[in-house]
Amino acid sequence: MTTASDRGRDPSGAPLLTVRGLSVSYRTGNGRATAVRGVDLDVAAGEIVALVGESGSGKTTTAHAIAGLLPSGGRIDEGRIDFAGQELTGLPEKRLRGLRGAAIGLVPQDPAVSLNPVQRVGTQVAEVLRIHRLASRREARERAHELLALAGLPDPASRPCAARTNCPAACASAS
Ligand SMILES: Nc1ncnc2c1ncn2[C@@H]1O[C@H](COP(=O)(O)OP(=O)(O)O)[C@@H](O)[C@H]1O
Ligand SMILES: [Mg+2]
């Protein structure tokens, strides 16, 4: 029998993501406040795990801690996070940046305030592919068009790079 947890599991049996005893606190006006205490989590490759809890229970904090995106004032006090055989806790920012957007992704709850308002959305979508060298500049732009179209954005070709002259054909027709 195959279960959701078996699918894609590493032949060695190790989960892709392991969180053990994670505690996170934030600096507040009254000292540090613990937002997450003692979280344990195993996620196999291909497995979908939902964190469910009331507002303020620490779902976002847990995700941010895993992705290394805690805001200033937030810190992991205890615990260990392992991803694909390497310990993330304490990994230098440069190494984390290599994983983020390539091996670990995070879709923010409110993209309206998470995207840079002075950059075209397509540029920001294409940036991920370019930073991780998954596509050439041109391919990244084309893929950004496709993804925006898939997301149902009206007139996606006009969004990534209408101001540029070296756009792929879809773009050129809109500029
Ligand atoms: N940047 C922050 N500074 C101080 N406290 C925070 C910050 N972000 C979240 N918190 C607090 O941490 C707790 C968990 O918040 P959060 O992880 O956003 O919960 P959830 O995503 O489950 O709604 C809440 O009490 C929240 O007020
Ligand atoms: Mg949240």
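A polar contact, as the term is used here, is a pair of N or O atoms within 3.5 Å. Keep that cut-off in mind, because it is what makes the link between G58 and ligand 1 count: a polar backbone atom of G58 sits 2.9 Å from an oxygen atom of the ligand. One thing to know before going further is that the model is predicted.

Let's stay with the ligand for a bit. G58 has company, since an oxygen atom of ligand 1 also lies 2.7 Å from a backbone N or O atom of G56. T60 joins in through its side chain, where an N or O atom is 2.8 Å from an oxygen atom of ligand 1. On its own, the ligand would expose 560 Å², and the protein buries 60% of that.

Who else is around? The full shell consists of Y26, A35, E54, S55, G56, S57, G58, K59, T60, T61 and P71. Sort these residues by character and you get three nonpolar, six polar and two charged. Helix α1, which covers residues 59-67, gives the most to this shell, with three residues.

Now step back and look at the whole chain. There are 175 residues, and 29% of them count as buried. Seven helices and four strands make up its elements. Walk along from the N terminus and the order is β-β-α-β-β-α-α-α-α-α-α. The accessible surface adds up to about 11,200 Å², with 53% of it belonging to carbon and sulfur atoms. As for contacts with a separation of 6 or more, 51% of them come from residues 24 or more positions apart.

Next, the charged side chains. The structure holds eight salt bridges, and a few are worth a visit. Start with D42 and R20, whose side chains meet at 3.0 Å, N to O. D42 belongs to strand β2 (residues 31-43) and R20 to strand β1 (residues 17-28), so this pair ties together parts that are 22 residues apart in sequence. Is D42 buried or exposed? Neither, quite: with a relative accessibility of 39%, D42 counts as partly exposed. R20 counts as partly exposed too, at 38%.

Another pair sits inside one helix. R97 and E93 both lie in helix α2 (residues 93-99), four residues apart, which is about one turn of the helix. In general, an α-helix has 3.6 residues a turn, so residues three or four places apart point the same way. The side chains of R97 and E93 do meet in a salt bridge, 3.5 Å from N to O. R97 counts as exposed, at 53% relative accessibility, while E93 is partly exposed, at 36%. Elsewhere, salt bridges that share partners join R80, D82 and E87 into one network. Within that network, the closest N and O atoms of E87 and R80 are 3.3 Å apart. E87 is partly exposed, with a relative accessible area of 32%, and R80 is partly exposed as well, at 39%.

Finally, follow the chain to helix α4, residues 121-131. Which of its residues are buried? They are G122, Q124, A126 and L129. After α4 comes R133, and the phi of R133 is positive, near 55°.

Technical notes:
Residues numbered from 1 in each chain as written. Chains lettered and ligands numbered in written order. Predicted model: local features only at pLDDT ≥ 70, side-chain atom pairs only at ≥ 80, totals over all residues. Heavy atoms only, no water. Buried < 20%, exposed > 50% of the residue type's maximum accessible area, 1.4 Å probe, protein only. Helix = DSSP H or I, 4+ residues; strand = E, 2+ residues; numbered from the N terminus. Contact = heavy atoms within 4.5 Å. Areas by Shrake-Rupley, 256 points an atom, 1.4 Å probe, with all protein chains shown as cover. Near = heavy atom within 4 Å. Polar contact = N/O pair within 3.5 Å; in protein donor to acceptor, adjacent residues only side chain to side chain. Nonpolar A, V, L, I, M, F, W, Y, C, P; charged D, E, K, R; others polar. Salt bridge = Lys/Arg side-chain N within 4 Å of Asp/Glu carboxyl O.
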